[in-house]
Amino acid sequence: MDFFHVLIVLLESTIRVSVPLVFAALAGLFTERAGVFDISLEGKMLGAAFAAGAAAAVSQSVWVGLAAAVLVSVLLSLVHGYASITQRGNQIVSGVAINFIVAGATVILGEAWFRQGGRTPALVEGARFQIVNFPGADAIRDVPVLGPIYADLLSGHFLLTYVAFAMVPISWWILFRTRFGLRLRAVGENPGAVDTAGISVIWLRYRAVICCGILCGFAGAYLSLAMTAGFVKGMTAGKGYIALAALIFAKWRPVNVMFACLLFGFLDALAIRLQGAPLPLIGRVPVQLMQALPYILTVVLLAGFIGKAIPPKAGGVPYVKER
Amino acid sequence: MDDIAIELRGIDKSFGPVHANRNINLTVRKGTIHGIIGENGAGKSTLMSILYGFYQADSGEILVGGRPVAIRDPNAAIAAGIGMVHQHFMLVENFTVLENVMLGAEDNQILNKGIAKARSELKRLEREYALEVNPDALIEDLPVGLQQRVEILKALYRKADILILDEPTGVLTPAEADHLFRILAQLKAQGKTIIFITHKLREIMAITDEVSVMRRGEMVATRTTGETSVEELAELMVGRRVLLRVEKGDSKPADVKLAVQGLTVKDSRGVTMVDNVTFEVRAGEIVGIAGVAGNGQSELLEAIAGIRRATSGSVHLNGRPVDVTGHADPAELRSRGLAHVPEDRHHVGLVLKFEESENAILGYHHDPRYSNGVFLNIDAIRKDAEEKIGKYDIRPPNARLKTANFSGGNQQKIVLAREMERDPDVLIIGQPTRGVDVGAIEFIHKRIIEMRDQGKAVLLVSVELDEIRSLSDRILVMFAGRVVGERSPEATEGELGLLMAGVEGRKEAAE
């Protein structure tokens, strides 16, 4: 039973750390399926986390914080869109620029406004998300096997956690069952086909980029309003890049994206869990190695374990009408 | 005026300094097939793009069915009943036929509601015009002929009365092209108007009712097809008399210069592209390889040139073996007397950002004439380039100009001059006249014949059957990676076409 308990704890924390990855990877799914590569998931998430922390601290309202997160993230997305869609700039350069600007700006603004070394003030109850407990969770916790699964694994998360996992089938439905999704996928494969069908390539791509902004906003808000009570500088810690890796690993498919994010989340949770604990046969493993595990796995998986990941054909290429 | 489908009045369009269309007037009658012919860069595609709303004309008027319309985008063109089949298909390859047909005309926000309707409409169109295609097939799994059919269905699905086809036969086998012509005749019989753009005179004569000729952005003439001739059209296109048939004497084959034995090439996915191919080329003869693009000709050429590893088999150059399965080195092959004019001059043959003179020595820069081992001898290189420019009539005659600024035909001449002037023993040429104007084609063909008459062994790969037939002394046909037959250049087009489609070849191999 002890092993089972450990497993439940591990899976519970897997879900907790996977949420921002799911949001960010789905965000990337929307833009990349539309043919706009986005390396700035990281920056948008960080900007959103800061906006959420700052706005919630000032307004004392979690909803104002969430709205600010989405707004900032969408604005950053539009900057990326303007550079890469309207101005046909290099999408990687634009994305990297956003990551750098946000990394610096959040610290400067945080220090200027709150004078806590780049942090935002710790959020009190009401200004951050609360745990949602399912009815009867406490009552059946002691039921063997099913009890802990229901009470600890399914119940007891933040509202945004449920939103994140609900977004997986919703994103699938939007992409594969609606007109918008059909056109969005088409524009990422062959924008010429979309243009000649009388649909605006530019407006379509902007809408995809806005979808990305909204989802990155949720990811950032989760970091500073749910996972922790306030913004800490650099708190995304590369999650945007991991989400990007998960997206490629999942071959740009929504349900695969969720499983990829859970896998990376699991490794992260495992790394935390195993810190300092001796492993059988191997002995004590340096903390740094455990922390590096998700990243090492990313490299290994992307280097060839998953077979050929075929990106959207028009990805990264600005659309120019052919002469 | 009821029988006029489209009228263009005074269409003018410039891209920066390039005047693509000058004061174009064109009248297309309803229910006819109207051909538009002209060399590459004559402005045909630009004109059609204006008609389809891809570009805006700087000035001029478009009348559809007698009424002036403003066509600002493809939507307006579709609304006016104009549909276009593009030269490069505008299809999403990992979508199904149905999804491609629906794209942009879905009716509903939610796909499910529109799918049933689209499916039954597609069925009706298939029946009405005899255009069968499986609606659930993925585009990438369909042969090009069927992909083109999907493009036509797309236009019909949008209720197009006027169909524009831009160079539609470039990607088709002769049999597929014939099938397309039958479809077009059928569409015409149903009252559709068809504008057919091409640079192939034969096609114009075969199916059009009227033909308009463009040259350097101007509409120079319109003729009733029955009252004109290939010779007249060619002259109108080029602006001077052209020799359409290459004059050549009998070949005098001598020693074997290039011998290919059991050559097999697999691509990176392990798919066999060239399958156990054996042939030889003698000094003083031209061996042509015919076939629909993608049947292994490219890989064969690349393997012989040492750019691509062969899986098995052998190649002998001047009687000495080439290490085609191991470390064949293009530079070494060149030094042993092999010259290669690659199929894709933009990506393999030239560096478009370089000056003409630099491209004229590309790959031969170690030659002591051009460099002392460390520094290039710029003066010698430029002087040499200028000689070639004169000899090959490369225009504009400026060795310092960036190669990207030359037209396709002149770029091709730069590559040909570089390779032919090395005085090789064996010359292998891929698609010598792809994207090249009629005038330049004549010149290039003459030079290839001259090389033969000087006793070079020439291996020629082209998807243009006419070219293969008029230049070659022997024709090998490739299908699915194998040589499925050898014919003399007197073989009929139909006979070769069947071989290219893999029909005859299978029978022959079985016997």
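1. A useful term to start with: two residues count as in contact if their C-beta atoms, placed from the backbone, lie within 7 Å. Please also keep in mind that this is a predicted model.

2. With that in hand, look at helix H9 of chain B, residues 297-304. This helix lies across strands S11, S12 and S14 of chain B, and its direction makes an angle of about 120 degrees with S11(B).

3. Those strands belong to an open sheet of 4 strands in chain B, ordered S12-S11-S14-S15 and paired antiparallel. At the edges sit S12 (272-282) and S15 (320-322) of chain B, each of which pairs on one side only. On average, neighbouring strands here are turned by 25 degrees against each other, direction ignored.

4. Within the sheet, it is worth tracing one pairing. Strand S11 (residues 256-266) and strand S14 (residues 312-317) of chain B run antiparallel and are joined by 5 bridges. Across from B:Thr264 you will find B:Ser312 in S14(B).

5. Now for the nonpolar cores. The largest has 154 residues, and A:Phe23, A:Ala25, A:Ala52, A:Ala219 and A:Ala246 have the most contacts inside it. Helix H9 of chain A (residues 201-227) supplies the largest share of this core, with 15 residues.

6. Which residues does A:Phe23 contact, leaving aside neighbours within four places in sequence? They are A:Ala164, A:Leu215, A:Cys216, A:Phe218, A:Ala219 and A:Tyr222.

7. Finally, there is a second, separate core of 74 residues, and B:Val265, B:Ile441, B:Leu476 and B:Leu499 are among its members.

Methods. Residues numbered from 1 in each chain as written. Chains lettered and ligands numbered in written order. Predicted model: local features only at pLDDT ≥ 70, side-chain atom pairs only at ≥ 80, totals over all residues. Pairing = 2+ DSSP bridges. Helix = DSSP H or I, 4+ residues; strand = E, 2+ residues; numbered from the N terminus. Axes fitted to C-alpha atoms, helices over the stretch in contact; angles between N-to-C directions. Core = buried A, V, L, I, M, F, W, Y, C linked by C-beta atoms within 7 Å. Buried ≥ 20, exposed ≤ 12 C-beta atoms within 10 Å, placed from the backbone.
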